[in-house]
Amino acid sequence: MTAGVTGRLGGIARHARPRGPIETLAEVSVSVEGGLAGDFRGAVKPGGRGRRQVSLIEAGDWAAAMAETGHSLPWWHRRANLLVEGLDLPQLPGTRLRIGEVVLEITQECDPCSRMEEVAEGLKAALTPDWRGGALARVIAGGTIAVGDMIEITEG
C-alpha cells in the first residue's frame, strides 16, 4: 500500500447498543480508550486489544453490493462507523490511516454477519468477497473527525 494515497470521509455513524438504532453524525470525537464517542463497540475491554473499535466501509463496495442485490439502502444499514469515499481501503492489517488528527490501524476484515440478511436478502453474500464488508481498526491517536475530512494512508 502506498503512503500518501488519499480519500474522503463520506459519513459517520454510531449505535449505542447492539442491534440499537443507528445515528448519523456530521462530526464525532474519537479516543484510544473508547473509539467513536457514543458507539458501543469502541470501548476496549479489560485485557482486550481494541481490534474492533472502528469499522469502515468503502462507498463503492456498498454501491456494488446494493446493485448486486437490487436494493438501494443508505450505507449506514451496513452498521459501519465510517464511510470511505475515493480510497481503496488497504486489505493489510497494520496499515495506518489518518483522518484529521485521528490515526487508525487496520486490524482485520469486517466479515458480514447474518444481520445483513435481515437488512436485505442476499446482502451477506454480496458483502463477502474481497473485503467488501469493510475493515476493522483500532484507534492509535484520538481527536475529532468530520464528514468531508481527508483520509490518508500513512503506513503499510
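How many bridges pair β8 with strand β9 (residues 135–141), and in which sense do the two strands run? They pair in the antiparallel sense, over six bridges. Welcome to a short tour of this predicted model, taking in its strands, one buried asparagine and its two largest pockets.

**Around strand β8**

- Strand β8 covers residues 102–109 and is mostly covered, with six of its eight residues buried.
- On the β9 side, I106 of β8 has A137 as its bridge partner.
- Strand β7 (residues 96–99) also runs antiparallel to β8, and four bridges join the two.
- One of the pairs between β7 and β8 is I99 with V102.
- β7 and β8 form a hairpin that leaves two residues between the strands. In that turn, have a look at G100, where phi is positive at about 60°.

**Around strand β1**

- Strand β1, made up of residues 6–14, is mostly covered too: seven of its nine residues are buried.
- β1 runs antiparallel to β6, to which four bridges join it.
- Strand β11 (residues 150–155) is joined to β1 by three bridges, again antiparallel.
- R8 is a handy residue to display here, as its bridge partner in β11 is M150, while in β6 it stands opposite E85.
- Strand β2 (residues 23–25) pairs with β1 through three bridges in the antiparallel sense. Within that pairing, R14 faces E23 of β2.

**N81, a buried loop residue**

- N81 sits in the loop between α1 (59–69) and β6 (82–85).
- Is N81 buried or exposed? N81 counts as buried because its relative accessibility is 2%, and the cut-off for buried is under 20%.
- The N81 side chain makes a polar contact of 3.2 Å with the side chain of D39.
- The side chain of N81 also reaches backbone: the nitrogen of S55 is at 2.9 Å.
- Setting aside neighbours within four places in sequence, N81 is in contact with residues from several stretches of the chain, among them G11, I12, A13 and R14. The list also includes L36, Q53, V54 and W75, along with the two polar partners D39 and S55.

**The largest pocket**

- If you want to explore the open space in the model, the largest pocket has a volume of about 370 Å³.
- Its lining is made of 21 residues, and those nearest the centre of the pocket are H15, R41, R52, R79 and C113.
- Two elements, β5 (54–58) and α2 (115–119), give two or more residues to this lining.
- By residue class, the lining of the largest pocket holds nine nonpolar, four polar and eight charged residues.

**The second largest pocket**

- The volume of the second largest pocket is about 190 Å³.
- Which residues line the second largest pocket? They are F40, R41, A43, V44, K45, G48, R49, G50, R51, R52 and Q53.
- This lining divides into five charged, three polar and three nonpolar residues.
- R41 and R52 link the two pocket descriptions, as they lie among the residues nearest the centre of the largest pocket and also line the second largest pocket.
- Q53 offers a link back to the loop residue described above, since Q53 lines the second largest pocket and is also in contact with N81.

Notes
Residues numbered from 1 in each chain as written. Predicted model: local features only at pLDDT ≥ 70, side-chain atom pairs only at ≥ 80, totals over all residues. Heavy atoms only, no water. 1 Å grid on protein atoms, 1.4 Å probe; cavity = no way out; pocket = protein on both sides within 12 Å on 5 of 7 lines; lining within 4 Å. Points joined across faces, edges and corners; volume = space filled by probe spheres on them. Nonpolar A, V, L, I, M, F, W, Y, C, P; charged D, E, K, R; others polar. Buried < 20%, exposed > 50% of the residue type's maximum accessible area, 1.4 Å probe, protein only. Polar contact = N/O pair within 3.5 Å; in protein donor to acceptor, adjacent residues only side chain to side chain. Contact = heavy atoms within 4.5 Å. Pairing = 2+ DSSP bridges.
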